[in-house]
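Work through the exercises below with the sequence and coordinates open. Each task is followed by a solution in steps.

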Amino acid sequence: MNSLPQAASLVAHTLCLARSFKKWTGRDLLTGNFSPTELAEKLFNAPFVVVSHGTQADPILNYGNRTALALWEMSWDDFTRTPSRLTAEAPNREERAKLLEAVTRNGFSDNYSGVRISKSGRRFEIFRATVWNLVSETGGRCGQAATFSEWKFL
């Protein structure tokens, strides 16, 4: 949990996160001019949350930076085997599903707030999250991601 899992596919995924964020929002996920490996390291160690999931029928989380792993109280291996719907309590999953449907249609959504739950059951509210579609270099849909820097434990 304390270091970036080393894999070329992870560096490529980080590039997809950053490229897709820029495409939809016009903003940089991280400011600066970094090599792909530097970008992966800096995003993994960023003081804000970045998470993503794939395109499965019940999407599985496929990325969480160090801040996300700590917030959800999971190791990389546990996190990347978790269906993303389980990051919210059952009563909040319908609201989350509606948000993700809107993101699918519109490309991204800014200023989302909602309640999430960690592996141990610790509840927290997230504020001003940006959620966006991930697209491949050729424009194919490859998942969704979210970032936020504000949360409060409940």
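Strands here are DSSP runs of E with at least two residues, numbered from the N terminus. Arg128 has its place in one of them, strand S4. The model is predicted.

**Exercise 1. Find the place of Thr82, decide whether Thr82 is buried or exposed, and list its contacts.**

Step 1. Thr82 sits in the loop that runs between helix H4 (76–79) and helix H5 (93–106).

Step 2. The cut-off for buried is under 20% relative accessible area. Thr82 has 11% relative accessibility and therefore counts as buried.

Step 3. A polar atom of the Thr82 side chain lies 2.7 Å from the backbone oxygen of Asp78.

Step 4. With neighbours within four places in sequence left aside, the contacts of Thr82 are Pro59, Ile60, Leu61 and Met74.

**Exercise 2. Describe the surroundings of His53 in strand S1.**

Step 1. His53 has a relative accessibility of 6%, so His53 counts as buried.

Step 2. The side chain of His53 makes a polar contact of 3.0 Å with the side chain of Ser84.

Step 3. Residues up to four places away in sequence are not counted in the contact list of His53, which includes Pro59, Ile60, Leu61 and Asn62. Also among the residues touched by His53 are Arg96, Leu100, Cys142, Gly143 and Gln144.

Step 4. For a distance check, take the C-alpha atoms of His53 and Ser149: these residues are 96 apart along the chain, and the separation is 19 Å.

**Exercise 3. Which residues does Ala68 touch, residues up to four places away in sequence not being counted?**

Step 1. Locate Ala68 in helix H3, residues 66–72.

Step 2. The relative accessible area of Ala68 is 0%, so Ala68 is buried.

Step 3. The residues touched are Val49, Val50 and Val51.

Step 4. Between the C-alpha atoms of Ala68 and Phe48 the separation is 7.8 Å, with their positions 20 residues apart along the chain.

**Exercise 4. Characterise the pairing of S3 and S4, and place Asn133.**

Step 1. S3 and S4 run antiparallel and are joined by seven bridges. One of the pairs is Phe108 with Trp132, the latter in S4.

Step 2. The hairpin of S3 and S4 has five residues between the strands, and Gly121 in this hairpin has a positive phi near 95 degrees.

Step 3. Asn133 belongs to strand S4 and, at 5% relative accessibility, counts as buried.

Step 4. The side chains of Asn133 and Gln144 are joined by a polar contact of 3.0 Å. Beyond four places in sequence, Asn133 touches residues including Ser20, Trp24, Val103 and Thr104.

**Exercise 5. What is phi near in Asn111 and in Arg128?**

Step 1. Most residues other than glycine have a negative phi.

Step 2. In Asn111, phi is near 70 degrees, a positive value in a residue that is not glycine. Asn111 has its place in strand S3.

Step 3. The cut-off for exposed is over 50%. Asn111 counts as exposed because its relative accessibility is 55%.

Step 4. In Arg128, phi is near 50 degrees, again positive in a residue other than glycine.

**Exercise 6. Describe the largest pocket and the largest cavity: volume, lining and residue classes.**

Step 1. The largest pocket holds about 170 Å³ of space. Among its lining residues are Phe21, Arg27, Phe48, Phe127, Arg128 and Ser149.

Step 2. Strand S4 (123–135) and strand S5 (141–148) are the elements that give two or more residues to this pocket lining. S4 has the largest share, three residues.

Step 3. The pocket lining consists of five nonpolar, three polar and four charged residues.

Step 4. Searching the whole structure gives one cavity of 30 Å³ or more. About 240 Å³ of space lies in the largest cavity.

Step 5. The cavity has 19 lining residues, with Val51, Thr87, Arg96, Arg116 and Ala146 lying nearest its centre. Strand S1 (49–53), H5, strand S3 (108–117), S4 and S5 each give two or more residues to this lining, and S5 has the largest share with four.

Step 6. By class, the cavity lining has 12 nonpolar, five polar and two charged residues.

Key: Residues are numbered from 1 along each chain as its sequence is written. This is a predicted model: local features need pLDDT of at least 70, side-chain atom pairs count only at pLDDT 80 or more; totals for chains, interfaces and linings use all residues. Side-chain values use heavy atoms; hydrogens and water are left out. Buried means under 20% relative accessible area, exposed over 50%, partly exposed in between (1.4 Å probe, protein chains only). A polar contact is a pair of N or O atoms within 3.5 Å; within protein, one must be able to donate a hydrogen and the other to accept it, and residues adjacent in sequence count only if both atoms are side-chain atoms. Contact means heavy atoms within 4.5 Å. On a 1 Å grid over the protein atoms alone, a cavity is a set of points where a 1.4 Å probe fits but cannot get out, and a pocket is an open set with protein on both sides within 12 Å along at least five of seven lines; lining residues have an atom within 4 Å of a point. Grid points are joined across faces, edges and corners, and a volume is the space filled by probe spheres set on the points. Ala, Val, Leu, Ile, Met, Phe, Trp, Tyr, Cys and Pro count as nonpolar, Asp, Glu, Lys and Arg as charged, and the others, Gly among them, as polar. Two strands pair if DSSP finds at least two bridges between them.
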